[in-house]
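Trainee: Before we go through this chain together, I would like to ask how each label is justified, and to have every value set against its criterion.

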Amino acid sequence: MNCPTVDKISQYVDNLLTNDEQVEIERHIQSCVACAEVAKAFKKEQVFIKDTLQMPTLPDNFNSLVLDELEPYPKQQKPRRSTPWKRVMLTAAGIVFAVGLSATFNPSFAQLIGGMFSSNQVDEGLQVAAEAGLTKRVDLAVEDQGLTLKVEDVIADSSRVTLSYQVLKDGKPQDTYLELAESDNAITAVDQQGKTLNRLGTGWQEGSDYGIVEFSLRGQEDLEKLTISFDLVELNGVKGNWQLEVPVDLQETQKLTKTVDLNESIPSHHGVVIDLKKLQIAPSSTEFMYETSFTQEELAIAEQTRNQFEKDFGAKHLDSLVYGVDSAIAYHVENADGQTIYATSNPMGADTIGMLQSSGEDTAEIGKTVWNDSFVPSKEDNLSFVLDGVYKKEPANFSLTVRPSELKKQPISFDYKGNHLTITKVKKKNAYSFKKSLNPIQKETSVVISLEGGKDAQSSDLGSWLVVDEKGNVYPGNPSGSVLNKTDKNGRFITTIELELEGLEEVPEQLTLHLVSTTQYYPVKNATKVPLLEQN
């Protein structure tokens, strides 16, 4: 896909899009450094806004510190919905925003009398599981300081365990937001062996009566029982003690899961190897597991580039070369009649179909990524995988030197792999952040390089940059920007990019920009078709 607009990425971070749109952008940012940085910035903005609203006071000179630095926001292309679901996944490494939950209405408690899982406030997979009778009513509750935490229903299968809960005061529903990232609140899941699971997700909606807690069971085998423990010391800003244990028996639901070991290797395409591993069909999702990697020839090129990169710029900047996903694929899944049941998006115009979530995990091996894509359960009993194309991160061989003081009179233009851009200005940028400290307002200064122009429909996505000043100092260029669904007079998609040079506080006399990598999509000319599930 072409890079989404900044507004689209903002809506993605706020989970305002449809399931398919959420998954489409999720897959895109895993292989696009620029869009990943935009999403990261919006996530930081969420934390910033939340911390700001929790600040009790601001210094008297706050206006003079900030107002002069503000620039008008551009007009938004689409209004945001007023009741967004927020979906957060907490891991041992920190906070990761996940996808898969959308809302079209905001039901009251009376409307949800059949339970949250009977509404379209949860993803389609959970709705299918609820319709199949997998919802278990538990109605466990604990009360303190006039607030009651109540866990109402549980849906559990081999892919995930999801709980719906409420926060009540005098029997009336309250805000269900649970602060977990920066508090002493904790929700844990422990299996029958005493092992703790780390993949926790929570979901809530402003004004809704319900929230959800979900643990992903991806990669977990031989699970028989889980105990979900709530250990909360604060609810809705009220200090207290809410401890609750929810036992979950997985032995019966495991029997409802069908697993197909594929172990099928697809011949390499443009240096990318695809290994199909497993298809797992559970009541709430169909999970497709596979790996993408480089051929030996591609690995040799990557290693050679890595060594040269380290020689030219130093080992500490190596992460810029391998930032993000190195290899990925676009594909669709057909039934026996050739109808598309599931699909991922691609730059050739295909849209995501039926996907709940896609995740890719990098490995220690350059170019290798372990994928797990989950889809809405289907009743089809004959499915085939069809490869549409491959994505590959490639080393770039492009550099140019600019003198910032001359750009106003003579901007520098360049063309590279379908990207037609002009460097328009280099300027100093001041940003203010709020911290929970004695000096809450902190000023951060960096230098920003602005580029604008157009992008061909099937052009490469520009990846990481390194920028060197006239003294030989090296700065990573963190990219952000947008590609509009609007073309210029040359038929190219209007593009803007900003490279922020963190650690550089003054505009130097000269800068040399080095593009480190690009990601290219290669469509497959002759479709590769592999059976995934065949009728017995």
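**Labels and their grounds**

Mentor: Let us begin with β4 and β5, which pair in the antiparallel sense over nine bridges; please keep in mind that this is a predicted model.

Trainee: What makes β4 and β5 count as paired strands?

Mentor: Two strands are paired if DSSP finds at least two bridges between them, and β4 and β5 have nine bridges, so the criterion is met. Within this pair V154 stands opposite L163 in β5, and a hairpin of three residues joins β4 to β5.

Trainee: Which strand pairs with β4 over seven bridges?

Mentor: That is β3, residues 136-144, again in the antiparallel sense; here V142 stands opposite L149 in β4. The hairpin of β3 and β4 has two residues between the strands, and Q145 in this hairpin takes a positive phi near 55°.

Trainee: Why is strand β4 called mostly covered?

Mentor: A residue is buried if its relative accessible area is under 20%, and in β4, residues 147-156, 10 of 10 residues are buried. For the protein chain of 536 residues, the share that counts as buried is 52%.

Trainee: Why is D170 called exposed, and where does D170 lie?

Mentor: The relative accessible area of D170 is 72%, and exposed means over 50%, so D170 is exposed. D170 lies in the loop between β5 (160-169) and β6 (172-173), and its phi is near 55°, a positive value in a residue other than glycine.

Trainee: Why does H270 count as partly exposed?

Mentor: Partly exposed is the range between under 20% and over 50%; the relative accessibility of H270 is 44%, so H270 counts as partly exposed. H270 also has a positive phi, near 50°, in a residue other than glycine, and is found in the loop between β13 and β14.

Trainee: What makes β13 and β18 edge strands?

Mentor: Five strands form an open sheet with antiparallel pairing, in the order β13-β14-β15-β19-β18. The strands β13 (258-269) and β18 (355-362) each pair on one side only, and they are the edge strands. From one strand to the next, the twist averages 15°.

Trainee: How do you know that β14 and β15 are paired in this sheet?

Mentor: At least two bridges are required, and β14 (residues 272-281) and β15 (residues 286-294) share nine bridges in the antiparallel sense, so they qualify as a pair. One of the bridge partners can be named: K278 is matched by M289 in β15.

Methods
Residues are numbered from 1 along each chain as its sequence is written. This is a predicted model: local features need pLDDT of at least 70, side-chain atom pairs count only at pLDDT 80 or more; totals for chains, interfaces and linings use all residues. Side-chain values use heavy atoms; hydrogens and water are left out. Helices (H or I, at least four residues) and strands (E, at least two) are DSSP runs, numbered from the N terminus. Axes are lines fitted to C-alpha atoms, for helices over the stretch in contact, and angles run from 0 to 180 degrees between N-to-C directions. Buried means under 20% relative accessible area, exposed over 50%, partly exposed in between (1.4 Å probe, protein chains only).
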